[in-house]
Amino acid sequence: MSLIKWIEFPPLGDDRGSLVALEGQKTVPFPIRRVYYLFGTKEKVSRGFHAHRSLLQVAVCVTGSCRMVLDDGRSREEAVLDSPTRGLMIRNMIWREMHDFTPDCVLLVLASEHYDEADYIRSYPRFLECL
Ligand code: TYD
């Protein structure tokens, strides 16, 4: 089964332009407790390099693009996020890396829980041990 699961957002635009609305437990399959976004990522910088013990996330590139690598300890898959009308579902216990941010990239992330450093696994060998 693929690690890459897209959620297509219903387009609500009209002749004035585009609009996407994201609702917890509707468009996004969990209650949204936190929203954050990455922007102004410097050239050649990669981010992520961690997994979460229980956090669920959906990532959407509202402007620009980046490349996401997801790894469940058995296989590694890649996805290019370049559309404001679809999000990438990232479940818990998935190692993620983000690469190739365009200078204009704004990566919006919807998360199922408040920030909790104890939920992070920041070492890949430790991630494999926790599976
Ligand atoms: P981090 O998760 O390491 O970023 P990334 O994985 O995208 O490279 O977060 C960077 C810093 O921001 C770190 O000190 C934790 C802090 N942070 C919060 O305080 N709240 C949050 O919701 C997030 C995502 C990070």
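How many disulfides does a search of the whole structure find?

1. Zero disulfides are found in the whole structure. The model is a predicted one, and the cysteines can be taken in turn. C61 is in no disulfide, and its nearest cysteine sulfur, that of C105, is 3.4 Å away. C66 is likewise in no disulfide; here the nearest cysteine sulfur belongs to C61, at 4.4 Å. Since a disulfide requires two cysteine sulfur atoms within 2.5 Å, neither distance meets the cut-off. C61 counts as buried because its relative accessibility is 0%. C66 also counts as buried, because its relative accessibility is 2%.

2. An open sheet is formed by five strands in the order β1-β7-β4-β9-β2, with antiparallel pairing. Its edge strands are β1 (5–8) and β2, each of which pairs on one side only. On average, neighbouring strands of this sheet are turned by 30 degrees against each other, with direction ignored.

3. At the β1 edge, the pairing with strand β7 (residues 86–90) is antiparallel and runs over four bridges. Within it, W6 stands opposite L88 in β7. A salt bridge also links the side chains of R86 and E8, at 3.9 Å from N to O. Because R86 lies in strand β7 and E8 in strand β1, this pair ties together parts that are 78 residues apart in sequence. R86 counts as partly exposed because its relative accessibility is 27%, whereas E8, at 53%, counts as exposed.

4. Strand β2 covers residues 34–39 and includes Y37. Together with V35 and F39, Y37 makes a nonpolar surface patch of about 350 Å². In a regular strand, side chains alternate between the two faces of the sheet.

5. Strand β8 (residues 95–99) is mostly covered, with five of its five residues buried. Which residues lie on each side of β8? W95, E97 and H99 are on one side, R96 and M98 are on the other, and all are buried, so both faces of the strand are covered.

6. β8 has pairing partners in β3 and β5. Strand β3 (residues 47–52) pairs with β8 in the antiparallel sense over three bridges, and H50 stands opposite R96 there. Strand β5 (residues 66–71) also runs antiparallel to β8, joined to it by five bridges. In that pairing L70 stands opposite R96.

7. The structure holds 10 salt bridges. One of them joins E97 to R76, with the closest N and O atoms 3.0 Å apart. E97 lies in strand β8 and R76 in strand β6 (residues 76–81), so the pair ties together parts that are 21 residues apart in sequence. Are the two partners buried or exposed? E97 is buried, with a relative accessible area of 8%; R76 is partly exposed, with a relative accessible area of 48%. Elsewhere, R67, E78 and D100 are joined into one network by salt bridges that share partners.

8. A further salt bridge is formed by R16 and D14, whose closest N and O atoms are 2.7 Å apart. R16 counts as exposed because its relative accessibility is 74%. D14, at 38% relative accessibility, counts as partly exposed.

Conventions:
Residues are numbered from 1 along each chain as its sequence is written. This is a predicted model: local features need pLDDT of at least 70, side-chain atom pairs count only at pLDDT 80 or more; totals for chains, interfaces and linings use all residues. Side-chain values use heavy atoms; hydrogens and water are left out. Buried means under 20% relative accessible area, exposed over 50%, partly exposed in between (1.4 Å probe, protein chains only). Helices (H or I, at least four residues) and strands (E, at least two) are DSSP runs, numbered from the N terminus. Two strands pair if DSSP finds at least two bridges between them. Patches are made of residues with over 30% relative accessible area and no salt bridge: like charges are joined within 9 Å, nonpolar side chains (Val, Leu, Ile, Met, Phe, Trp, Tyr) within 5 Å. Accessible areas come from the Shrake-Rupley method with a 1.4 Å probe; for residues, only the protein chains shown count as cover. A salt bridge is a side-chain nitrogen of Lys or Arg within 4 Å of a carboxyl oxygen of Asp or Glu. Axes are lines fitted to C-alpha atoms, for helices over the stretch in contact, and angles run from 0 to 180 degrees between N-to-C directions.
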